[in-house]
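Thanks, everyone. Please look at the structure on the screen, and I'll walk you through it.

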Amino acid sequence: MATTSAPPTAAPGTLYLVPAPLDHGCDTLTPLDDVLPRGTLRTAARLTHWICENAKTARALLKRIDAVEPLAATLQSQQIAELPRAVHKKGDHTGATDFDARPLLAAALAGHDIGLVSEAGMPAVADPGSSVVRAAHALGVAVVPLVGPVSPLLALAASGLNGQNFAFVGYLPQEATERADRIRALEALALRTGQTQLFIETPYRNAAMLQALVQTLKPSTQLAVCAGATLAQACNTSLRVADWRRRADLLPEQVRALPSVFAIGP
């Protein structure tokens, strides 16, 4: 009796981590090919399946890519899936959430390449996406990060602080007393170990964060602010806290609303 063999199963696609420019929410956009290499743009342009934080933002990025490197499929036919809102609020970097990202990778298991993109910078670094990367590894889907801006690393390079031993700690508490306690704890760690401590804040709270840092840190601690990395109006300042306290204007008006990274160290 003749037997028929099952049709071959498609090899899994690849999950590409696609960096986005750092100008999300800014009044002026940076030319895309100034901050993303041509190879990254070519790879992104040929993808037709996406996982993102916000579909509207992802489509806006794809429209910008299309103007530089034509898309393989129209914007209307792109398959775009959003991460749940709870992932945005609570984060998915620790693996402690109940969110199962594996269903988002069904297209990859069917042989399609997928792009993972955040609203700014590298997905899964200072942004959601880690759960998708973990799920890809668990499913045997190859993971390839593409070249592009990563704001904590740009800030570290511009700070003059220890680039051999550093930690990115995300957001600090909003409540003033808790924030001051956290600042002192990070400073103590930095001074004891030499490890640079990097963190971020929502742009409209930049001025309040800097004021809290200048008031709380020791005068001899080095404090760096990298505002608007890769933007035309970028401003990088790294001074001892005692010198920050002598400034009449801690944060120039033109950079107050720009995405910023703060860093402290000895």
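Start with Glu53. This is a predicted model, and in it Glu53 is buried yet makes no salt bridge. How far away is the nearest side chain of opposite charge? That side chain is Arg85, and it lies 9.6 Å away. A salt bridge needs the side-chain nitrogen within 4 Å of a carboxyl oxygen, so Arg85 does not qualify. What does the side chain of Glu53 reach, then? It reaches the backbone nitrogen of Glu119, at 3.0 Å.

Where does Glu53 sit? Look in the loop between strand S2, residues 49-52, and helix H3, residues 55-68.

Those two elements come up again with helix H2, residues 38-46. Thr40, Leu41, Thr43, Ala44 and Ala45 are buried in H2. What covers them? The cover includes S2 and H3. It also includes strand S1, 14-18, and helix H1, 32-35.

Next, a sheet. Five strands form it, and it is open. Read the order as S6-S7-S10-S8-S9. The pairing is mixed. Strand S6, 166-171, and strand S9, 235-240, stand at the edges. Each has a single partner strand, so one side of each has no neighbour in the sheet. From one strand to the next, the twist averages 15°.

Zoom in on one pair. Strand S8, residues 222-227, and strand S10, residues 260-265, run antiparallel. How many bridges join them? There are 6. In S10, Gly265 stands opposite Gln222.

Now the helices against this sheet. Helix H7, residues 151-159, packs on it. H7 touches S6, S7, S8, S9 and S10. The direction of H7 makes about 130° with that of S7, which covers residues 196-201. Helix H8, residues 176-193, lies across S6, S7 and S10. H8 runs at about 55° to S10.

Finally, step back to the whole protein. How many helices and strands are there? The protein has 10 helices and 10 strands. Its C-alpha trace spans about 90 × 40 × 30 Å along the principal axes. Of the 266 residues, 45% are buried. One last number concerns contacts between residues at least 6 apart in sequence. Of those contacts, 77% join residues at least 24 apart.

That's the tour. Back to where we began: Glu53 is buried, with no salt bridge, and its side chain reaches the backbone nitrogen of Glu119.

Terms used: Residues are numbered from 1 along each chain as its sequence is written. This is a predicted model: local features need pLDDT of at least 70, side-chain atom pairs count only at pLDDT 80 or more; totals for chains, interfaces and linings use all residues. Side-chain values use heavy atoms; hydrogens and water are left out. Helices (H or I, at least four residues) and strands (E, at least two) are DSSP runs, numbered from the N terminus. Buried means under 20% relative accessible area, exposed over 50%, partly exposed in between (1.4 Å probe, protein chains only). Lys and Arg count as positive and Asp and Glu as negative; His and the chain ends are not counted. A polar contact is a pair of N or O atoms within 3.5 Å; within protein, one must be able to donate a hydrogen and the other to accept it, and residues adjacent in sequence count only if both atoms are side-chain atoms. Two strands pair if DSSP finds at least two bridges between them. Axes are lines fitted to C-alpha atoms, for helices over the stretch in contact, and angles run from 0 to 180 degrees between N-to-C directions. Contact means heavy atoms within 4.5 Å.
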